[in-house]
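Reader: I am new to protein structures and would like to learn how to read one. Could you take me through it step by step?

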Amino acid sequence: MTDVLVVIPTYNERANIADVVSRVRAVAPDAHVLVVDDASPDGTGALADELAASDSRISVLHRPGKQGLGAAYSHAFAWGLERGFARLVEMDADGSHVPEQLPDLLAAADAGADLVLGSRWVAGGGIENWPWHRRMLSRGGSAYARWVLGMPYRDVTGGYRVFTSDALRRISRGDVHSQGYGFQVDMLWHAHRAGLRIVEVPITFVERTKGRSKMSGGIVFEAMWRVTLWGVAALPQRFRATRQ
C-alpha cells in the first residue's frame, strides 16, 4: 500500500483526528495520510502537525481558511498526483467512514476499478445511529441525483471513495466547481461521463460521537439545486443518445 494516499479534510475535528489517523495507520501501515486543515479554530491543524512530527507517513496541508470540501480534495489530489501516488482515498475525519473497511475498498481498486464508491445503499451496506429523517434525506438525495443525471449507482452522495491516479487524470477536474456537499455528486458524474469503471462496495456509515456535523438542510438543498441544473443542461445530449 505504499502507493496509497488517504486524504482527510478537517475543520474543527481536534476531538477525532488522532483516533482516525491512528486507525488508518493500523489497518494500512504502508499508506500515507494527508490531513488537509482549513485553519481550524479548535487547533486541529496543530494537533495534526504533532502527529506528522512523530510519523513520516503523515503529512499536513494548511489552508488559510474554510474554503469547502471540494477545494480541500482538489488541493490534496494535485498534491498526491505530483508525488506519484497511484490510489487516492477520500475519508471523513469524524470516524463516520470506518477505517477498518478501507482494505475492502482498496481491494476493489486492485481488481480493476477506476473509482470505488463506499456505498451505504447496496446489499451489505448501512448506517448506524441516524434518525429516520436523515436516512430519508440521504437516500432521497441519492435517488434524485441518480434519476436526474442518469447514473446507475445507488450511493451518489457518499464520500468514502478510492480514485486511481489514472481516473483523476481522465476526469475533467477543471469543470468540477462544487465546493461543498455537491462535490461528491459532481465528481461522480464527471467520472461516469468519462466512461470510468465504477464499482460500489458496501460500507457501514457510523454517525459521529464527538464534535458537530457540518451538514445542514441548506447545504443539501444547494447541492440538489446544482444537480437539477446539471441534469437540465445534459438533457439534449441524453436525448440524442437515446435516438441513436
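Author: We will go from the whole chain to one helix and then to one residue. Keep in mind that this is a predicted model.

Reader: How many helices and strands does the protein chain have?

Author: The protein chain has eight helices and nine strands. Of its 244 residues, 52% are buried. Its exposed area is about 11000 Å², and carbon and sulfur atoms supply 54% of that.

Reader: How far apart in sequence are the residues that contacts join?

Author: Take the contacts between residues at least 6 apart in sequence: 79% of them join residues at least 24 apart.

Reader: Now a helix, please. What should the 18 residues of helix H5 span?

Author: A helix span can be checked with 1.5 Å a residue, multiplied by one less than the number of residues. For H5, residues 132-149, that gives 26 Å, and the end C-alpha atoms are 26 Å apart, so the two agree. Several H5 residues are buried, including Ser138, Gly141 and Ala145. After H5 comes Gly150, with a positive phi near 70 degrees.

Reader: And the single residue: is Asp114 buried or exposed?

Author: Buried means under 20% relative accessible area. Asp114 has 3%, so Asp114 is buried. Asp114 lies in the loop between helix H4 and strand S5.

Reader: Which residues does Asp114 touch?

Author: Leaving out residues up to four places away in sequence, Asp114 touches Val162, Phe163, Thr164, Ala167, Arg170, Leu196 and Arg197. With Arg197 there is a further detail: the Asp114 side chain reaches the backbone nitrogen of Arg197 at 2.7 Å.

Technical notes
Residues numbered from 1 in each chain as written. Predicted model: local features only at pLDDT ≥ 70, side-chain atom pairs only at ≥ 80, totals over all residues. Heavy atoms only, no water. Helix = DSSP H or I, 4+ residues; strand = E, 2+ residues; numbered from the N terminus. Buried < 20%, exposed > 50% of the residue type's maximum accessible area, 1.4 Å probe, protein only. Contact = heavy atoms within 4.5 Å. Areas by Shrake-Rupley, 256 points an atom, 1.4 Å probe, with all protein chains shown as cover. Polar contact = N/O pair within 3.5 Å; in protein donor to acceptor, adjacent residues only side chain to side chain.
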